[in-house]
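Visitor: I'd like to go through this one with you and ask how each label is earned. Could you put it up on the screen?

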There are 2 protein chains.
Amino acid sequence: MGLSTAMKALADPIRRQILEQLKSGPKTAGEIAQNFELTKATISYHLKLLKQAELISETKDKNFIYYNLNASVFEDILSWLYDVGGKRHET
Amino acid sequence: MGLSTAMKALADPIRRQILEQLKSGPKTAGEIAQNFELTKATISYHLKLLKQAELISETKDKNFIYYNLNASVFEDILSWLYDVGGKRHET
DNA sequence: GACCTATTTAGATAAATTTCTAAATAGCAG
DNA sequence: CTGCTATTTAGAAATTTATCTAAATAGGTC
């Protein structure tokens, strides 16, 4: 969905923590929410933004929705940073 | 000033464009402002945020202020992205 | 179908961000 | 010191973002 959307998604500390949690594997919205002092509705809102930024994806199983890190989409951001930050980046 | 400040600074497209402009070398606030349809006050505000994030630094000469890219500070962000995105990053 | 459980959506509010205009500061030039 | 140029600061208005509560959806289970 574009660099801008991804960058905005990464700007929020809650959303970065969500991504960090997903590092260890897929989790449901409920599992993620347990680690925050925020309502499930709020977590759902953050998950929506991360999904729009394609930083995560979802797979449904029974009536759970599992969220997964979408590592490939970090590439765009890395490229931009390397480009501006003055380093080379091999894709 | 921390990852969070830097990430927030990078979330705005104007600020990213400013950084891109500085890639080719130091520029004054006025020179930067010329490339946007925004007032100098607004550009000054964005420069302040970039400075707080330590993504740029300033050097004064006569009564000009030159802004420079501070490439080294991109490292924190790259590290975080590599870490979460599942890639290795040698510091 | 009726009832759970998991999650999202809607609508409202609060808080943060971006932008502008106008005034203030700072340094050089005469 | 006065005036000029470059830039920032202050304060207000507009927009966007984050959060909550309550209601809606969706898929199992009995």
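What follows is a short chat about how the two chains pair and how they meet the DNA.

Guide: Bear in mind that this is a predicted model.

Visitor: How do you know how chain B and chain A are related?

Guide: Turn chain B by 180°, shift it 0.0 Å along the axis, and chain B lies on chain A with an RMSD of 0.0 Å. The two copies are therefore related as by a two-fold rotation axis. In chain B, the C-alpha nearest that axis belongs to B:A11, at 2.9 Å. Both copies also use the same surface, since 100% of the contact residues of chain B recur in chain A.

Visitor: What makes B:K23 and A:D83 a salt bridge?

Guide: The rule wants a side-chain nitrogen of Lys or Arg within 4 Å of a carboxyl oxygen of Asp or Glu. For B:K23 and A:D83 the closest N and O atoms are 3.0 Å apart, so the pair qualifies. The rule finds two salt bridges across this interface, and the count of residue pairs in polar contact there is seven.

Visitor: Which elements of chain B supply the side that touches chain A?

Guide: α1 (3-10), α2 (13-22) and α5 (74-85) of chain B each give at least two residues. The largest share, ten residues, comes from α5(B). By class, that side of chain B has 15 nonpolar, three polar and seven charged residues. Chain B and chain A bury about 2,200 Å² between them, with 64% of it on carbon and sulfur atoms.

Visitor: Now the DNA. Why is A:T42 said to make a polar contact with DNA strand D?

Guide: The cut-off is a pair of N or O atoms within 3.5 Å. An N or O atom in the side chain of A:T42 is 2.7 Å from a phosphate oxygen of DNA strand D, so this counts as a polar contact. From chain B, polar backbone atoms do the job: the one in B:G30 is 2.6 Å from a phosphate oxygen of the strand, and the one in B:A29 is 3.2 Å from a phosphate oxygen. Both of those distances pass too, because the limit is 3.5 Å.

Visitor: How many residues surround DNA strand D, and which part of the strand do they meet?

Guide: There are 23, and the closest are A:T42, A:Y45, A:H46, B:G30 and B:Y67. Of the strand's atoms within 4 Å of the protein, 72% belong to sugar or phosphate and the rest to bases. The largest share of this surface, five residues, comes from α4(A). Its residues divide into nine nonpolar, eight polar and six charged.

Conventions: Residues are numbered from 1 along each chain as its sequence is written. Chains are lettered from A and ligands numbered from 1 in the order in which they are written. This is a predicted model: local features need pLDDT of at least 70, side-chain atom pairs count only at pLDDT 80 or more; totals for chains, interfaces and linings use all residues. Side-chain values use heavy atoms; hydrogens and water are left out. Copies are superposed by least squares on the C-alpha atoms of residues with pLDDT of at least 70 in both. Contact means heavy atoms within 4.5 Å. A residue is near a molecule or strand if one of its heavy atoms lies within 4 Å of it. A polar contact is a pair of N or O atoms within 3.5 Å; within protein, one must be able to donate a hydrogen and the other to accept it, and residues adjacent in sequence count only if both atoms are side-chain atoms. Helices (H or I, at least four residues) and strands (E, at least two) are DSSP runs, numbered from the N terminus. Ala, Val, Leu, Ile, Met, Phe, Trp, Tyr, Cys and Pro count as nonpolar, Asp, Glu, Lys and Arg as charged, and the others, Gly among them, as polar. Buried area is the accessible area (1.4 Å probe) that two parts lose on being put together, summed over both.
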